[in-house]
Every structure is written in structure tokens, then in C-alpha cells.
Amino acid sequence: MRALAVAATFGVLVALVVVYFIFFLESGPAAIAATRGSDGSADLTLQTVPSYGHHPFPDWVSYMAKDPQGKWEHTTIFKVPAHTLIKVTIYQYDGDSGLRNAFLSGVSGTTGDIETINGTVEHGINANDAAHTFTIPDIDVNVPLPGINPNAKNPCGTAPCSLAEAHNTITFSFRSPGPGSYRWQCFVPCAAGFLFGNGGPMQTIGYMSGLIEVS
Amino acid sequence: MSEAAAVSGGPGAEPRHGVRIATIWAVATAIVLPLVIWVVGPHIPPGAMSQQTRDQHQVDVVLTALATPIVLLIWVYFGYAVRVFRNHGTAVVDGPPITGNRRIEATWLIATSALVLGLAVFGTADLLATGGAGGGEGPNPVAKPADWRGALPVQVIGQQWLWTFRYPTYGGVETTTLELPVNREIEFHVTSLDVVHSFWAIELGVKADAVLGADNIAFDKPFETGPFQVRCDELCGLWHGHMNTTGRVLSDANFATWITNQERKNAALTKQLPPYSRVYYPSPLRNAS
């Protein structure tokens, strides 16, 4: 009888641990699928916000993504088709904090190695003007995003930000690689309140880095 | 049976276990050691792509060959003890008390001291002879290869989570790929822009920590063209496992073409870079923190 009680207790503990790990593994941000365009390309619309404004880390800087229904979601995991032109639009609402490595102020890996910033074609920006980057190291895509004017009168406070608030609009496109999971990240140390800006949102999937799932 | 009869080897005397074990060990070593050196040896990493990997391979073979008789001695003694010294009776009795054996103790001390000191001399001589054996030596290397004055300097910059490479003798151009000329001494200057990383060019036999504010120099001389893997070998944060790339050793002509293309392609970007320096500190310091 005693052995049975011990075995039952052990079984319950094991079950709790298993449930915890399943919950942990399933607790990541949901993936957003790119919207297929009529010309065979796929569209990805993102925004960068200076502070997420919601649980669990309202003060953290973050990326967000628009789902096919037009709703902003807090995720950094994107699904895109393989070997397809991916057209990206990023609404950038954060102020500049500068790149650690100025080498990443140049655009690379995009169509024509260019980005457009508020409609103007650019090959790069001043390294100190960067608020964030959108970088996929494995396929050499790097796009620096300039910060908004520090004197802007209507900066965004809480995500999701609206187009009425101060922002820069950055567009570019790149060709997706073969199927696989590719890490992307921001290379500006933009985590306010952390040593040299490298902690918190820079170290957490769902804020300043994520995955591009190519299938 | 009298004690004198047992010692003299009379009927019922204890066999000479030491001689038996030594004989079995010698036979096993004579069989296994050549297999380790000539059959397993050629497959011991890290290969032969550079002078450093060839040397590391040779050292690995020597150390494995030296360890083989020791491992065999342990295994033979263990097997012999299990087979011969097991208690066949039901009563558990203590063995005879051991009060020390000066000859065994002296042999053990002399043999192990000679082995350790010999390996220390061997290792030190090898480090000096091979320009540091591919390891990071800090900003003022003691062990330099003979032709270090003609070495190509290449700066390796670690950052969360990417390796970039600067070529100071080519205008300080920076790249995300590491390409090297064959048969030329390379002088890696390894540093970091944030946390501690570790630059590991596996097939080149180079490993050096990348530390903010430190210039860690490692030498290498590739002998073969082809790809090699670069990884970070220091747990450095969320995407540490993705901090890898593939480098290439090129012929002189191909390297010249590649570096010329990089200079041209990145000309505008190179102007934005800070002047080449052995270390870089986070700048601007107003970064989000």
C-alpha cells in the first residue's frame, strides 16, 4: 500500500514536469504567414515600437507583424514561401540609438542592394542614425532602419502604433531561400535599461529577433 | 603449508601475479598500440588543412599512443583482478595487510613524474615551434612562426551574433565572409564588440577568445584550398548556436580577385567604418542602455 502511494506520487510529479515542459515549448509566439500577392510575390508588413506596452514586458522595444486579416500581432516568427520575392514594409516608430558596428549601416542582400526610406532610395544610412536593423545573416540580408526625429511631436507610446504617429516607412524586397528555418535579428543594441543595450528584448524571441520559416 | 614454501613457489604457492599481469599487458600493448597509431591515428581530428592542424593531429596521435599502454594496464589489471582475485567461498575475509612497497612506490613516482614533465617539455616546445599551435596568445604573442613578419593580418570581430572580418592591409575593408590565401601565414587579431565570444576555425585549427577591449592574436598557415567551418565556441546569448559561417582558403589569384571585389563593393561603407584599430569600444556609449 505504501509502495503504491509512493509510485502514485512519483507518477503525478513526472506528469506535472511533462506538462510544464509541453507548456513551455508551446508558449512561444505564434507564426504569421506572409500575404501572397497577385504577382506571385509575398508581402510582409512589420512595425517596430519603442515600447510594447503590454504584459509581460511593457517597457521593452519590439517588432510586431500584421496578419493576413490586417491585425497587428506580437510575434517575430514569419512564414514565407521558398524561392519567392518577399516584399517587406516596415513602419519604424523608435528613436535612433546607433549601431555598434557601422558595417551594418549598409544595405545588402535586398533587390538591388537598396531600401526605400519614406520613398527615397538608399544604399545605407549613417550608422549613428540607426534605430534598428532587419538582418537575416544566413542569406546576407541587412537593412538598417533610421530612427524618427527626436523632436517629433507625436511619438508612439504603446503598440500597436498607428500611421498617425511619427514614423519612417522602409520598404525593400529579397528573394527567399530554400526551405528551412532562418534566424533574423536586430543588430542595434536597443534594449533600454540593459548593459550596453544587449539584454532583455535582444535576448528574447518575440521582441527584437525571431525566425523566418521558409516552406 | 609453511610461509617459506609459499614464497619459494612450492606446491600451493601463490602464483606470481605481477609477472602474469605484466606479460598480458605487454602482449596487449604490442597488438593494440600499432593499431592505434596506424589504423585509428590517421582519422584523429582535426585534419591537415593547415600547418597548425597538421601539428595538432600529430600531437593528438602522440598523446593517444602514450595513453594507450596506460589504459591497457588498467583494463588488464581490472580483468585479471575480477578473474583471479574473486572470492569463491561464502565467507568474506579481509586480504593480507599491505604495509608499503618502496620499489613500487618509487617506480610509480618516477614513471608518472617523467611522463608529466616530458609532456610539459614536449608541449612547450611544440607551442613555440608552431607559433602558438593555432591558439590565441593575447596582444603580445611569445610564440611566433618563422615568417610572421610577412603574415597577412585579418581582424576577426565577434558581436551578438555575427562574425565580421577586417583586412587592414586592404584599406580596412570589412566583410561577413572569411577568405584567406593559401600557403601564406595569417595573423588573426580576434576581438569582440560586446560579450565574450570564441573564434573557432575548425579545419584550420584556430581557436581564440574574442573579448571586448582585447586583441587576441593567433597564427595560422593554410596549406590546402577549400572550405572550413567557423563557429563561436563560447556560450554568448540567445543566438549563440547560429553564430557560424563557412570560410574559404583560396589560391593567390582567387584571393586577389575576391579582396579587390570586396574593396570595390564596400568602398562607400568602408568610409563609414572607424579607422582600423586593434580593439573597439562600444560607441556611441549612449546606446539604448
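**Exercise 1. Charges in the two chains**

Find how far apart the mean positions of the positive and negative charges of chain B are, then do the corresponding task for chain A.

Solution. The structure is a predicted model.
Step 1: chain B carries 20 positive and 23 negative charges.
Step 2: the mean positions of these two sets in chain B are 2 Å apart.
Step 3: chain A has 10 positive and 16 negative side chains.
Step 4: in chain A, the centres of the two sets lie 8 Å apart.

**Exercise 2. The overall form of chain B**

Describe the extent of chain B and set its radius of gyration beside that of a compact globule of 289 residues.

Solution.
Step 1: taken along the principal axes, the C-alpha atoms of chain B fill a box of roughly 95 × 45 × 30 Å.
Step 2: for a compact globule of 289 residues, the radius of gyration would be near 19 Å.
Step 3: chain B has 28 Å instead, so the chain does not match the globule rule, which is 2.2 Å times the number of residues to the power 0.38.
Step 4: the secondary structure of chain B consists of six helices and 10 strands.

**Exercise 3. Surface, burial and contacts of chain B**

State what share of chain B is buried, how much area it exposes, and how its contacts are spread along the sequence.

Solution.
Step 1: a residue counts as buried when its relative accessible area is under 20%.
Step 2: buried residues make up 38% of the 289 residues in chain B.
Step 3: the exposed area of chain B is about 16,100 Å², and carbon and sulfur atoms supply 64% of it.
Step 4: take the contacts in chain B between residues at least 6 apart in sequence; 69% of these join residues at least 24 apart.

**Exercise 4. The build of chain A**

Give the domains, secondary structure and extent of chain A, then its burial, surface and contacts.

Solution.
Step 1: the domain assignment splits chain A into domain 1 (1–29) and domain 2 (31–214).
Step 2: over C-alpha atoms, the centres of domain 1 and domain 2 of chain A are separated by 40 Å.
Step 3: chain A contains one helix and 14 strands.
Step 4: along its principal axes, the C-alpha trace of chain A spans about 80 × 40 × 35 Å.
Step 5: of the 215 residues of chain A, 49% are buried.
Step 6: chain A exposes about 9,900 Å², with 61% supplied by carbon and sulfur atoms.
Step 7: among the contacts in chain A with a separation of 6 or more, 71% are between residues 24 or more positions apart.

**Exercise 5. Cis peptide bonds**

Locate the cis peptide bonds that lead into A:Pro56 and A:Pro160.

Solution.
Step 1: most peptide bonds are trans.
Step 2: the bond joining A:His55 and A:Pro56 is cis, with omega about 5 degrees.
Step 3: A:Pro56 sits in the loop between strand E3 (42–49) and strand E4 (62–66) of chain A.
Step 4: from A:Ala159 to A:Pro160 the peptide bond is also cis, with omega near -5 degrees.
Step 5: A:Pro160 lies in the loop between strand E11 (141–146) and strand E12 (168–175) of chain A.

**Exercise 6. Positive phi**

Where are A:Asp140 and B:Asn183 placed, and what is the phi of each?

Solution.
Step 1: most residues other than glycine have a negative phi.
Step 2: A:Asp140 is not a glycine, yet its phi is positive, about 60 degrees.
Step 3: A:Asp140 is in the loop between strand E10 (130–136) and E11 of chain A, and with a relative accessible area of 31% A:Asp140 is partly exposed.
Step 4: B:Asn183 has a positive phi near 60 degrees.
Step 5: B:Asn183 belongs to the loop between strand E4 (179–181) and strand E5 (186–192) of chain B.

Definitions and conventions. Residues are numbered from 1 along each chain as its sequence is written. Chains are lettered from A and ligands numbered from 1 in the order in which they are written. This is a predicted model: local features need pLDDT of at least 70, side-chain atom pairs count only at pLDDT 80 or more; totals for chains, interfaces and linings use all residues. Side-chain values use heavy atoms; hydrogens and water are left out. Domain bounds come from an automatic or database domain assignment. Helices (H or I, at least four residues) and strands (E, at least two) are DSSP runs, numbered from the N terminus. Buried means under 20% relative accessible area, exposed over 50%, partly exposed in between (1.4 Å probe, protein chains only). Contact means heavy atoms within 4.5 Å. Accessible areas come from the Shrake-Rupley method with a 1.4 Å probe; for residues, only the protein chains shown count as cover. Lys and Arg count as positive and Asp and Glu as negative; His and the chain ends are not counted. The place of a charge is taken as NZ of Lys, CZ of Arg, CG of Asp or CD of Glu.
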